[in-house]
Amino acid sequence: MTSPIIGPDSETAKALMPARRAKAGLAYAEGLTLATEALRGTWPIEAVVLDAGFAETPDGEHVATLARSRRAKVHLAAARTVAKLSAVDSPPPVAVALRPVAHPLESMLEGVGRLLILDRVADPGNAGALVRTAVAFGARVLLTRGSVALANDKLVRATAGVCFHPKAAAEVGPAAELAPTLH
C-alpha cells in the first residue's frame with residue numbers, strides 16, 4: 001500500500017474522532033472481526049483506517065482487499081492516530097467507519113417471522129446482546145425512539161457485527177406509533 005500515513009491532526013482523523021463520529025451518526029467497527037463483518041455487510045462505508053504496520057500483514061492486506069471490493073477509502077494511520085480514534089483502551093490496528101442503513105418500517109415488517117422490539121433500551125451492551133441473540137434466532141430488531149442509537153460504538157461491539165447484516169435491525173419512532181402497524 002502506498003497511501004500517505006495520516007496523523008492525528010489531519011482532516012481525515014479529525015472527522016473520525018469519537019465526538020464527530022457520534023454527531024454525524026457514524027458507527028465505528030474496531031478490530032479485525034468487526035471490521036471484516038462491516039466490510040461484508042450492507043451499511044455504507046465512510047472510511048477504513050489501518051495502522052500502517054498492520055496494513056503490511058496478511059490480515060491487513062485482506063482487509064484492504066475487502067475495502068477495495070466495496071470501493072471504500074482506505075487510510076493508513078500512525079499508531080498514535082489509531083489510538084486517538086479508538087473508543088477502547090487497547091486500540092486494535094483496524095477500524096471501519098460506516099453509516100447505519102435506514103430501513104423503512106414497512107420493509108422491516110415485510111416477510112418477517114420473528115420480531116423483537118426494544119423499547120427505550122438505553123444500555124448499549126444490553127441492546128447489542130439482544131440484537132445479536134435475536135438475529136441468531138432469525139428475528140429482526142426494532143429499536144424505538146429513546147433506545148440507544150444503532151451507531152453506538154458499544155452496541156456495535158456487543159452485536160459482534162450482526163447489526164451489519166441486511167435488515168437485522170432498524171431505528172423507529174416511539175413505541176406508541178409502532179403498535180398500530182403490527183398485526
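Residues are classed here as buried under 20% relative accessible area, exposed over 50% and partly exposed in between (1.4 Å probe, protein chains only). The model shown is predicted, so local features are given at pLDDT of at least 70 and side-chain atom pairs at pLDDT 80 or more, while totals for chains, interfaces and linings use all residues. Residues are numbered from 1 along each chain as its sequence is written, and side-chain values use heavy atoms, without hydrogens and water.

**View 1. An open sheet of three parallel strands, β6-β7-β8.**
The three strands, taken in the order β6-β7-β8, form an open sheet with parallel pairing (strands are DSSP E runs of at least two residues and helices are H or I runs of at least four, numbered from the N terminus; two strands pair if DSSP finds at least two bridges between them). Strands β6 (114-118) and β8 (169-171) lie at the edges with a single partner strand each, so one side of each has no neighbour in the sheet. From one strand to the next, the twist averages 20° (axes are lines fitted to C-alpha atoms, for helices over the stretch in contact, and angles between N-to-C directions run from 0 to 180 degrees). Helix α7 (residues 124-136) packs on this sheet and touches β6, β7 and β8, its direction making about 175° with that of β6 (contact means heavy atoms within 4.5 Å).

**View 2. Strand β7 and its bridges to β6 and β8.**
Strand β7 (residues 139-143) runs parallel to β8, to which three bridges join it, and β7 is also joined to β6 by five bridges, again with the two strands running parallel. One residue pair can be picked out on either side of β7: leucine 115 has arginine 140 in β7 as its bridge partner, whereas leucine 142 is partnered by alanine 170 in β8. Five of the five residues of β7 are buried, so this strand is largely enclosed by the rest of the structure. The burial extends to both faces of β7, with Ala139, Val141 and Leu143 on one side and Arg140 and Leu142 on the other.

**View 3. Aspartate 123, in the loop between β6 and α7.**
Aspartate 123 is found in the loop that runs between β6 and α7, where its relative accessibility of 38% makes it partly exposed. Although aspartate 123 and leucine 155 are 32 residues apart along the chain, their C-alpha atoms are separated by 8.3 Å.

**View 4. Salt bridges at three sites.**
Four salt bridges are found in a search of the whole structure, each a side-chain nitrogen of Lys or Arg within 4 Å of a carboxyl oxygen of Asp or Glu; among them are the pairs described here. Lysine 14 and glutamate 11 meet through their side chains at 3.7 Å, N to O, and, because they stand three residues apart in helix α1 (residues 11-15), about one helical turn separates them. In this pair lysine 14 is partly exposed at a relative accessible area of 34%, while glutamate 11 is exposed at 59%.

In the salt bridge between arginine 99 and glutamate 46, the closest N and O atoms are 3.4 Å apart. This pair links distant parts of the chain, for arginine 99 belongs to the loop between β5 (94-98) and α6 (105-109) and glutamate 46 to strand β3 (residues 45-51), 53 residues apart. Arginine 99 is partly exposed, with a relative accessible area of 32%, and glutamate 46 is also partly exposed, with a value of 37%.

A further salt bridge joins arginine 120 to aspartate 119, with 3.3 Å between the closest N and O atoms. Arginine 120 counts as exposed at 58% relative accessibility, and aspartate 119 as partly exposed at 34%.

**View 5. Histidine 75 in strand β4.**
Histidine 75 has its place in strand β4 (residues 74-77) and is buried, with a relative accessible area of 12%. Residues up to four places away in sequence are not counted among its contacts, which are Ile6, Thr12, Ala47, Val48, Val49 and Leu50.

**View 6. The cavity and its lining.**
One cavity of 30 Å³ or more is found in a search of the whole structure (on a 1 Å grid over the protein atoms alone, a cavity is a set of points where a 1.4 Å probe fits but cannot get out, and lining residues have an atom within 4 Å of a point). The largest cavity holds about 40 Å³ of space, the volume being that filled by probe spheres set on the points, which are joined across faces, edges and corners. Its lining consists of Tyr28, Glu30, Val49, Val82, Leu85, Ser86, Pro92, Val94 and Ala95, and at least two lining residues come from each of β2 (27-30), α5 (79-85) and β5.

Key. 1 Å grid on protein atoms, 1.4 Å probe; cavity = no way out; pocket = protein on both sides within 12 Å on 5 of 7 lines; lining within 4 Å.
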